[in-house]
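Visitor: I'd like to look closely at a single part and see how its neighbours fit around it. Could you pick a good starting point and walk me through slowly?

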Amino acid sequence: MIVHSLIDSVSIEGVSVALPTQRVPVSSFYPLFGEDVVDKFSDVTGVNSYHRSIPQQTAADLGFEAALDLISKSDVDTDEIKYLVFVTQKPDFRVPSTAFHLHQRLKLKEDCLCFDLNLACSGFVYGLQVVSSLLQNAGKGKALLITGDTSHRTFSPVDRTLIMLFGDSGTATLIGNDPASEQMHFALRTNGEKFKSIITPSGAYRNRNAPVERVEWNDGIERSDYDTHMKGMDVFSFSITDVPRLLKDFMASLDTTPDDYDCFALHQANVYILKQIARKLKMSMEKIPIALDRFGNNSSNSIPLVLADHFGGQNQGEKRIMMSGFGAGLSWACCDIHLSTKVIHPIIFTDKFFSPV
């Protein structure tokens, strides 16, 4: 049994992605972790480099620049945007939702619904399901789905399992009503029993008096409870078991097979996990585009980033795409969608940030 939703008369009208200009090769960690450790990490994960934001640049800044790029290239009247959803785990503020600041920066009209979704690697598919449902119910208007993350902001700088894995980026996706569009199908799952698998225990309103000093944990890495911690084996097992199981269940419910799809746009967790998913689905890796080798794991941005890297600036016609995001929660989701590649724009690079006058 899966939570399956169907969306009619709604389509993606544009996708833009923004990355910081600073490229960080993982080899730059040789002095800190040693050449053998870094090379083994790169061999297992497939990550050779990623892009890192400057200190002043937030996840919202990257999402904002992606939105500006999208609006300029989509020729959309911003007065038509009735929904703005921002997906992030690194908001600008505790209160209010960062979506309100983005609403102000983008000069959107008051007649617009705004909120944040606190989701990580499953966030793009969840966000797309939410805004598409809102649009379907409204029957008119457009929605802006913005994702952004600067995951490294809560990593211990000596955590070799995370600090070399995650990159920073922001994305913007324009969704609109389209009676001629193909149906979108979504399936979503959650396992709250595993909420500690990826967690930043302190820094909000529980565990408020945890020590800030980093101490050595059982794995030999120094962290505090204000640093994000990932139980690697739990997440690995989840990624190569629950995720392909959902994809199989979903395709069975749709009476499709991997042969029915032009592309599988999967969350770029690491290349070994992607190979295991492909093996369990009995499909070729040729259908799974890879961006993590140059950009790392980009949390909720992974799916639009891999689409922009693979199709950006090229018109390869309409593709039937299976998307899947999975991560913190634990949370995982997939989506069957028809997407015109001509609306996917090339990646832009920027270090711009909001500076109040």
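**A sheet and its helices**

Guide: Let's start with Leu 84, which stands opposite Cys 114 in strand 6. This is a predicted model, in which local features need pLDDT of at least 70 and side-chain atom pairs count only at pLDDT 80 or more, while totals for chains, interfaces and linings use all residues. Residues are numbered from 1 along each chain as its sequence is written, and side-chain values use heavy atoms, with hydrogens and water left out.

A few words on names will help. Helices (H or I, at least four residues) and strands (E, at least two) are DSSP runs, numbered from the N terminus. Two strands pair if DSSP finds at least two bridges between them. Strand 5 (residues 81–87) and strand 6 (residues 113–117) run parallel, joined by five bridges. Between these two strands the chain passes through helix 4 (residues 98–105), giving a right-handed β-α-β crossover. Right-handed here means that, with the strands pointing away from the viewer, the path from the first strand over the helix to the second runs clockwise.

The loops on this path deserve a look of their own. Pro 96 sits in the loop between strand 5 and helix 4, and the peptide bond leading to Pro 96 from Val 95 is cis, with omega near 0°. Past the helix, Lys 107 lies in the loop between helix 4 and strand 6. Lys 107 is not a glycine, yet its phi is positive, near 55°. For background, most residues other than glycine have a negative phi, and most peptide bonds are trans.

Now step back to the sheet. Six strands make up an open, mixed sheet in the order 6-5-7-8-2-17. Strand 6 and strand 17 (348–349) are at the edges with a single partner strand each, so one side of each has no neighbour in the sheet. Further in, strand 7 (residues 142–149) and strand 8 (residues 169–177) run antiparallel and are joined by eight bridges. Within that pair, Leu 144 stands opposite Leu 174 in strand 8.

Which strands does helix 3 touch as it packs on the sheet? They are strand 2 (10–19), strand 5, strand 7, strand 8 and strand 17, and the direction of helix 3 makes about 40° with that of strand 8. Contact means heavy atoms within 4.5 Å. Axes are lines fitted to C-alpha atoms, for helices over the stretch in contact, and angles run from 0 to 180 degrees between N-to-C directions. Helix 5 (residues 123–138) packs on the sheet as well, touching strand 2, strand 5, strand 6, strand 7 and strand 8. The direction of helix 5 makes about 165° with that of strand 7.

That brings us back to helix 4, and to its packing against helix 3. Two packed helices are described by the angle between their axes and the distance between the axes. For helix 3 (residues 59–74) and helix 4, the angle is about 40° and the axes are 11 Å apart. This makes helix 3 oblique to helix 4; angles under 35 degrees count as roughly parallel, over 145 as roughly antiparallel, 65 to 115 as roughly perpendicular and the rest as oblique. The crossing of helix 3 past helix 4 is right-handed. A crossing is left-handed if the near helix is turned anticlockwise from the far one by less than a right angle, and right-handed if clockwise.

Who makes this contact? Helix 3 brings Ala 60, Asp 61 and Phe 64, and helix 4 brings Thr 98, Leu 102 and Arg 105. By class, the contact of helix 3 with helix 4 has three nonpolar, one polar and two charged residues. Ala, Val, Leu, Ile, Met, Phe, Trp, Tyr, Cys and Pro count as nonpolar, Asp, Glu, Lys and Arg as charged, and the others, Gly among them, as polar.

To place this part beside another, look at the open sheet of five strands in the order 1-9-16-15-14, where the pairing is again mixed. Its edges are strand 1 (3–7) and strand 14 (263–266), each with a single partner strand. From one strand to the next, the twist averages 20°.
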